[in-house]
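User: I'd like to learn how to read a model like this one. Walk me through a few features, with the general idea before each case.

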Amino acid sequence: HVPRLVIGSLPAHLSPHMFGGFKCPVCSKFVPSDEMDLHLVMCLTKPRITYNEDVLSKDAGECAICLEELQQGDTIARLPCLCIYHKGCIDEWFEVNRSCPEHPSD
């Protein structure tokens, strides 16, 4: 009796052999198989910053990420340090860095 290789023991979205990569269970990005170990270590050890999403009730200067004005009605994200950014800008920023752009040591 030859031991049989069991394929499909992981859900398809986590299988490293599926489509040459996997979907990270932490950040939901698709990661190539050869980067899987490094990605998981980096993803699991990054500090996590949350923010409160809101709609601006008045103009609030410029977004330090895109340098465009934060205007009444814009969807913004307010970080724990009270800095505010366009929600889309900080979401993109957090894909690369998990600290406030203006307070990186916090």
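**Starting at the surface**

Analyst: Asp59 is exposed, at 54% relative accessible area. Buried means under 20% and exposed over 50%, with partly exposed in between (1.4 Å probe, protein chains only). Before we go on: this is a predicted model, so local features need pLDDT of at least 70 and side-chain atom pairs count only at pLDDT 80 or more, while totals for chains, interfaces and linings use all residues. Residues are numbered from 1 along each chain as its sequence is written, and side-chain values use heavy atoms, with hydrogens and water left out.

User: What is the mean pLDDT of the protein chain?

Analyst: pLDDT is the predictor's confidence in each residue, from 0 to 100. Here the chain has a mean of 77, with 75% of its residues at 70 or more. By element, the lowest mean belongs to strand 1 (residues 21-23), at 76, and the highest to strand 5 (residues 84-86), at 91.

User: How many helices and strands does the chain have?

Analyst: Helices (H or I, at least four residues) and strands (E, at least two) are DSSP runs, numbered from the N terminus. The chain comes to two helices and five strands, in the order β-β-α-β-β-β-α from the N terminus on. As for burial, 25% of the 106 residues count as buried.

User: Back to Asp59. Which residues form the negative surface patch?

Analyst: A patch takes residues with over 30% relative accessible area and no salt bridge, joining like charges within 9 Å (nonpolar side chains, meaning Val, Leu, Ile, Met, Phe, Trp and Tyr, within 5 Å). Areas come from the Shrake-Rupley method with a 1.4 Å probe, and for residues only the protein chains shown count as cover. Lys and Arg count as positive, Asp and Glu as negative, and His and the chain ends are not counted; each charge is placed at NZ of Lys, CZ of Arg, CG of Asp or CD of Glu. In this model, Asp59 joins Glu62, Glu68 and Glu69 in a negative patch. Asp59 sits in the loop between strand 3 (52-55) and strand 4 (75-78).

User: Where is Leu70 found, and is Leu70 buried or exposed?

Analyst: Leu70 is in the loop between strand 3 and strand 4. Leu70 counts as buried, because its relative accessibility is 1%. Leu70 and Asp59 are eleven residues apart in sequence, and their C-alpha atoms are 5.8 Å apart in space.

User: How many salt bridges does a search of the whole structure find?

Analyst: A salt bridge is a side-chain nitrogen of Lys or Arg within 4 Å of a carboxyl oxygen of Asp or Glu. The search turns up one. Asp91 pairs with Lys87, with the closest N and O atoms 2.6 Å apart. The two are four residues apart in helix 2 (residues 87-96), so about one helical turn separates them. Both are partly exposed: Asp91 at 26% and Lys87 at 22%. Asp91 also lies 8.9 Å from Ala77, C-alpha to C-alpha, with the two positions 14 residues apart along the chain.

User: What is phi of Leu67, and of Leu82?

Analyst: Most residues other than glycine have a negative phi. Leu67 has a positive phi of about 65 degrees, although it is not a glycine. Leu82, also not a glycine, has a positive phi near 80 degrees. Leu67 is in the loop between strand 3 and strand 4 and is exposed at 54%. Leu82 is in the loop between strand 4 and strand 5 and counts as exposed at 61%.

User: Last one, on loops closer to the N terminus. Where are Cys27 and Glu35?

Analyst: For loop residues, I like to set separation in sequence beside distance in space. Cys27 is in the loop between strand 1 and strand 2 (30-32) and counts as partly exposed at 29%. Its C-alpha is 10.0 Å from that of His39, twelve residues away in sequence. Glu35 lies in the loop between strand 2 and helix 1 (36-45) and is partly exposed at 44%. Glu35 and Gly21 are 14 residues apart in sequence and 8.5 Å apart in space, C-alpha to C-alpha.
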